[in-house]
Amino acid sequence: MVQPERRDGERDSAVEVIQRELTSFARRARATAARIHPELSLVSYTLLSHLDEQGGCRATDLAAHYALDKSTVSRQVSALERSGLVVRRVDPDDHRVQVLHPTEAGAEILRQVTVSRRQLFGDRLTDWPADDLARFADYLVRYNEAARED
């Protein structure tokens, strides 16, 4: 029978490896984003992608969804607007609200970056069996769902 202390030590060790590897993943993701499109940071890509997926949303919705400070989102959105990638439109249902939408240029850059990122991930995972990919995808979804509850 495995001692409870040993299980706790193995769990702690596994959590440490996960934390280290996720940190490494995040660093690589930022560096890769800079190489794929130097003008589109990982945060900008993420926000632009969310706007595209949602068909537009308010800056406060972006901040809430990604658990970011409103000032951080405001700076990122301003940079996207200056780059001509995002435009603000008055919400037809509530004229007091402005909704952010990708411009045609923003949608095109998003498509280009998405294709490049998918290719990069596909290349890294090409030797993985389908069952491993499915399991890994399930674990990432499970982890992110738990993180949203924080």
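Rings of Phe, Tyr and Trp, the last taken by its six-membered ring, count as a pair if their centres lie within 6.5 Å, and a pair is tilted when its planes are neither under 30 degrees apart (stacked) nor over 60 (edge-to-face). The structure treated here is a predicted model.

**Exercise 1.** Determine how many aromatic pairs this rule gives, and classify each of them.

*Solution.* The count comes to two aromatic pairs. In one of them, phenylalanine 25 and phenylalanine 121 lie 6.3 Å apart from centre to centre with 45° between the planes, so the pair is tilted. This pair links distant parts of the chain, since phenylalanine 25 belongs to helix α1 (residues 4-36) and phenylalanine 121 to helix α5 (residues 104-124), 96 residues apart. Tryptophan 128 and phenylalanine 136 also form a tilted pair, with 5.3 Å centre to centre and 50° between the planes.

**Exercise 2.** Decide whether phenylalanine 25 and phenylalanine 121 are buried, partly exposed or exposed, and state which residue lies over the face of phenylalanine 121.

*Solution.* Phenylalanine 25 has a relative accessible area of 39% and is therefore partly exposed, a value between the limits of 20% and 50%. Phenylalanine 121, with 31%, is likewise partly exposed. Over the face of phenylalanine 121 lies arginine 124, at 6.0 Å from the ring centre.

**Exercise 3.** Describe the largest nonpolar core and identify the helix that gives the most to it.

*Solution.* The core has 17 residues, and Leu40, Leu51, Leu62, Leu80, Val86 and Leu100 have the most contacts inside it. At least two residues each come from α2 (42-54), α3 (59-66), α4 (70-82) and α5, and α2 gives the most, with four residues. Beyond its neighbours within four places in sequence, leucine 62 is in contact with residues including Leu51, Val77 and Leu100.

Definitions and conventions:
Residues numbered from 1 in each chain as written. Predicted model: local features only at pLDDT ≥ 70, side-chain atom pairs only at ≥ 80, totals over all residues. Heavy atoms only, no water. Buried < 20%, exposed > 50% of the residue type's maximum accessible area, 1.4 Å probe, protein only. Lys NZ or Arg CZ within 6 Å of the ring centre and 35° of its normal. Core = buried A, V, L, I, M, F, W, Y, C linked by side-chain atoms within 4.5 Å. Contact = heavy atoms within 4.5 Å.
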